[in-house]
Amino acid sequence: MSLNERTAALKARLDAKPGAEALVVTPPRSSTPNVIRYKVMGKMFAILTIRGAEYVILKCDPHLVEVLREQYAGIGHRTHLDRRHWICVMLDADVPPAEVERLTDHSYDVVCAGLTRRQLSQLRGEPVRK
């Protein structure tokens with residue numbers, strides 16, 4: 001899988017998130033993967049395209065979604081996921097790399113904020129109390 005520089009850097013950032021699990025997805029009737037889904041403790045926080053158009057789909061605080069869509073032409077909606085909570089960030093658009101990194105961290109943090117105490121303990125590698 002050969003990725004361009006910006007996509008490869010974002011993939012490395014997503015892979016480095018504590019507890020991140022990456023699942024490479026190949027569409028039906030194809031032998032080439034097109035996206036990587038990222039989850040933490042079974043909850044999705046990002047979908048990165050690795051073929052075709054360069055974009056990442058991220059979970060986002062609903063209060064930020066509209067502000068971001070108005071601020072950047074490269075932030076919109078692309079999938080069946082709820083448009084109030086998910087944004088699509090085009091990697092070759094007007095969104096600066098630092099902002100993409102910040103939004104990636106925000107997506108991970110939003111998902112982690114919804115985890116139970118037990119899941120957070122497991123994520124941190126702490127012993128699980130019964």
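**Notes on a predicted model: helices, sheet and pocket**

1. In helix α4, which covers residues 117–124, Q119, S121 and L123 are buried. The buried residues of α4 pack against two elements, strand β2 and helix α3. Just after α4 comes G125, with a positive phi of about 80 degrees. Bear in mind that this is a predicted model.

2. Now the sheet. It is open and has 6 strands, in the order β1-β2-β3-β4-β6-β5. The pairing is antiparallel. Its edge strands are β1, residues 20–25, and β5, residues 75–76. Each of these edge strands pairs on one side only. Note the order at the far end: β4 is followed by β6, and β6 by β5.

3. Start at the β1 edge. β1 and β2 run antiparallel and are joined by 6 bridges. Strand β2 spans residues 35–40. To check the register by eye, look at A20, which stands opposite V40 in β2. Helix α3, residues 97–113, packs on the sheet. α3 touches β2, β3, β4, β5 and β6. The direction of α3 makes about 35 degrees with that of β4.

4. The loop between β1 and β2 holds two residues worth a look, P28 and R29. R29 has a positive phi of about 60 degrees, although R29 is not a glycine. Most residues other than glycine have a negative phi. Is R29 buried or exposed? R29 is exposed, because its relative accessible area is 87% and the cut-off for exposed is over 50%. P28 is also classed as exposed, at 71% relative accessibility. P28 and E54 are 26 residues apart in sequence. In space, the C-alpha to C-alpha separation of P28 and E54 is 20 Å.

5. A second backbone point sits in the loop between β2 and β3, at M41. M41 is not a glycine, yet has a positive phi of about 50 degrees. M41 counts as partly exposed, at 24% relative accessibility. That value lies above the 20% limit for buried, so M41 does not fall in the buried class.

6. Next, β3 and β4. Strand β3 covers residues 43–49, and β4 covers 55–59. They run antiparallel and are joined by 3 bridges. The bridge partner of L48 is V56 in β4. β3 and β4 form a hairpin with 5 residues between the strands. In this hairpin, G52 takes a positive phi near 80 degrees. β4 itself is mostly covered, with 4 of its 5 residues buried.

7. Which strand pairs with β4 over 5 bridges? That strand is β6, and the pairing is antiparallel. One of the pairs is Y55 with M90, its bridge partner in β6. β6 covers residues 86–90. β6 is largely enclosed by the rest of the structure, because 4 of its 5 residues are buried.

8. The other neighbour of β6 is β5. β5 and β6 pair in the antiparallel sense over 2 bridges. I75 stands opposite V89 in β6. Helix α2, residues 62–71, lies across β5 and β6. α2 runs at about 25 degrees to β6. α3 also touches both β5 and β6.

9. Last, the largest pocket. Its volume is about 210 Å³. Which residues line the largest pocket? They are V25, N34, V35, R37, M44, I47, Y55, I57, R78, T79, H80 and L81. By class, the lining divides into 7 nonpolar, 3 polar and 2 charged residues. β2, β3 and β4 each supply at least two residues of this lining. Y55 therefore turns up twice in this note: Y55 lines the pocket, and Y55 is paired with M90 in β6.

10. Points to check on screen. Look at the positive phi of R29 and of M41. R29 is in the loop between β1 and β2, whereas M41 is in the loop between β2 and β3. Then follow α3 across the sheet, from β2 through to β5 and β6. Finish with α4, whose buried residues meet β2 and α3.

Conventions
Residues are numbered from 1 along each chain as its sequence is written. This is a predicted model: local features need pLDDT of at least 70, side-chain atom pairs count only at pLDDT 80 or more; totals for chains, interfaces and linings use all residues. Side-chain values use heavy atoms; hydrogens and water are left out. Two strands pair if DSSP finds at least two bridges between them. Contact means heavy atoms within 4.5 Å. Axes are lines fitted to C-alpha atoms, for helices over the stretch in contact, and angles run from 0 to 180 degrees between N-to-C directions. On a 1 Å grid over the protein atoms alone, a cavity is a set of points where a 1.4 Å probe fits but cannot get out, and a pocket is an open set with protein on both sides within 12 Å along at least five of seven lines; lining residues have an atom within 4 Å of a point. Grid points are joined across faces, edges and corners, and a volume is the space filled by probe spheres set on the points. Ala, Val, Leu, Ile, Met, Phe, Trp, Tyr, Cys and Pro count as nonpolar, Asp, Glu, Lys and Arg as charged, and the others, Gly among them, as polar. Buried means under 20% relative accessible area, exposed over 50%, partly exposed in between (1.4 Å probe, protein chains only).
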